[in-house]
Amino acid sequence: MKVRFSILPLTILLGLSGCDKISTISENTVKCGDDSSLQLVQSLLEDSTQSRVKSIASNEGVLTDSAGLRANTSKIHFTLEDIRTSQTDPNSTKVFCVAALSTTLDSELIERANFVTNYYEQSNLSEKAFQQDIDMDGNTIKYSLEYSIQPTDDGVNIYGQLQNGSELIDFIGTAVVNAIQKSSVQAIKARQQKADVENAIAQRVAMEEEESLVAQAEAIAIRESANELASISAEQAKAKATMDYKRNELNMLWNTASAEIKESLAANQKEWVKERDEICIARAREGEAARQETLRMECVTEIISERYYQLKEYID
C-alpha cells in the first residue's frame, strides 16, 4: 500500500466546536487570548487532526481504532503564542484572531512515520515539509494560524472556526497514518526477508546440486576418456603385434630366396615399400585422429600379407 501526501483546499473550514459555559465572559464578548478561547482552538486543532487521520486512513485502507488513534494523536502538542486580534465585526461579536502556532510531534511518531516512507522509498517527514513549504525544525512545526471566535447571544457558550491550517492538518494527519502502519510494514518486511533468505538458500542448494552434477559429469568424462585411451592403446598394441608378426614372416621368407632372386627383386621391393607406406598413410588420415596409427598398422599388415603370398609364389 502506497502512502501519499495530499493537501486540502484552503477554503475548507476544518472545524466548528463549542465549549462549556465560560465564567470569564462578560457583556457577551470574548478575546483572542482568553483561556477559554485558547482551549477552544486547541480542541479544534485536535478534533480536526483526528478527523483528517480517519479520512486518510479510510482512503488508504489503513485499519485503525479509537484507542490507537487517540494514542497517536495524543503525542501531538499544540501551543499558541503571540496572539493578536486581526479583525473585529462591528455588527456582531465575532472576533478574528492570529496566533503563532507551534506543533510538536513526538520523536517516536516521526521515527515510525519515516520507517514506513523509507520502506516505500518516499521522502521522509522533514523532506516532505520542505517540499510543501512547511516550517519544520526537528520535531517542531511553526505556523501562522488564523481563527475566529464568537460567544452565543446569552453568553453561555463560545464557538470557533479555524480559518486556515488545512495543509498543516493534512501534513500531520498523513504523518500519523504513516506511523500507524509501522507494525504492518514490519510484518511485510519480515515476510520479504524470510522469502529472500529462503530464495537464497534454494539458489545455493540448486547451485550446489548443479556443481555436483557438473563434477559427476566431469568424472564420468574423465573415466570414459581414460577407458577410451586404454582401449585405443590396447588396439594399437594388438595391431602392432600382428604387423610385426607378418613383417617377421615376410623377412624369413625373403631370407630363403637365392642371391639371384633377391637381386632381381631388389628394385621392385623398394618400390613396393614406398607404395605401401603412401597407401597406408592416406588410409589412416581418413579415420579419427585417435585411431589413425592403428589404421596405418592394420593397412601395413594387410599389404604385407598380400606381398608374402606374391613373393612366396615367385620364389617357389
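## Salt bridges within helices

Asp244 and Arg247 sit three residues apart in helix α6 (residues 182-255), so about one helical turn separates them. In this predicted model, their side chains meet in a salt bridge, 3.9 Å from N to O. How exposed is Asp244? Its relative accessibility is 30%, so Asp244 counts as partly exposed. Arg247 is partly exposed too, with a relative accessible area of 32%.

Helix α8 (residues 292-315) has a pair with three-residue spacing: Glu293 and Arg296 are about one helical turn apart. Here the N to O distance of the salt bridge is 2.9 Å. Glu293 comes out as partly exposed at 33% relative accessibility, and Arg296 is partly exposed at 25%.

Now for some networking. Lys75, Glu108 and Arg112 are joined into one network by salt bridges that share partners. Within that trio, Glu108 pairs with Arg112, and their closest N and O atoms are 3.9 Å apart. Both residues belong to helix α3 (residues 107-119), with four residues, or about one turn, between their positions. Is Arg112 buried or exposed? Arg112 has a relative accessible area of 13%, so it falls under the 20% cut-off and counts as buried. Glu108, on the other hand, is partly exposed at 41%.

Here are the three pairs side by side:

| Pair | Helix | N to O distance |
|---|---|---|
| Glu108 and Arg112 | α3 (residues 107-119) | 3.9 Å |
| Asp244 and Arg247 | α6 (residues 182-255) | 3.9 Å |
| Glu293 and Arg296 | α8 (residues 292-315) | 2.9 Å |

If you want the overall tally, a search of the whole structure turns up 11 salt bridges.

Notes:
Residues are numbered from 1 along each chain as its sequence is written. This is a predicted model: local features need pLDDT of at least 70, side-chain atom pairs count only at pLDDT 80 or more; totals for chains, interfaces and linings use all residues. Side-chain values use heavy atoms; hydrogens and water are left out. A salt bridge is a side-chain nitrogen of Lys or Arg within 4 Å of a carboxyl oxygen of Asp or Glu. Helices (H or I, at least four residues) and strands (E, at least two) are DSSP runs, numbered from the N terminus. Buried means under 20% relative accessible area, exposed over 50%, partly exposed in between (1.4 Å probe, protein chains only).
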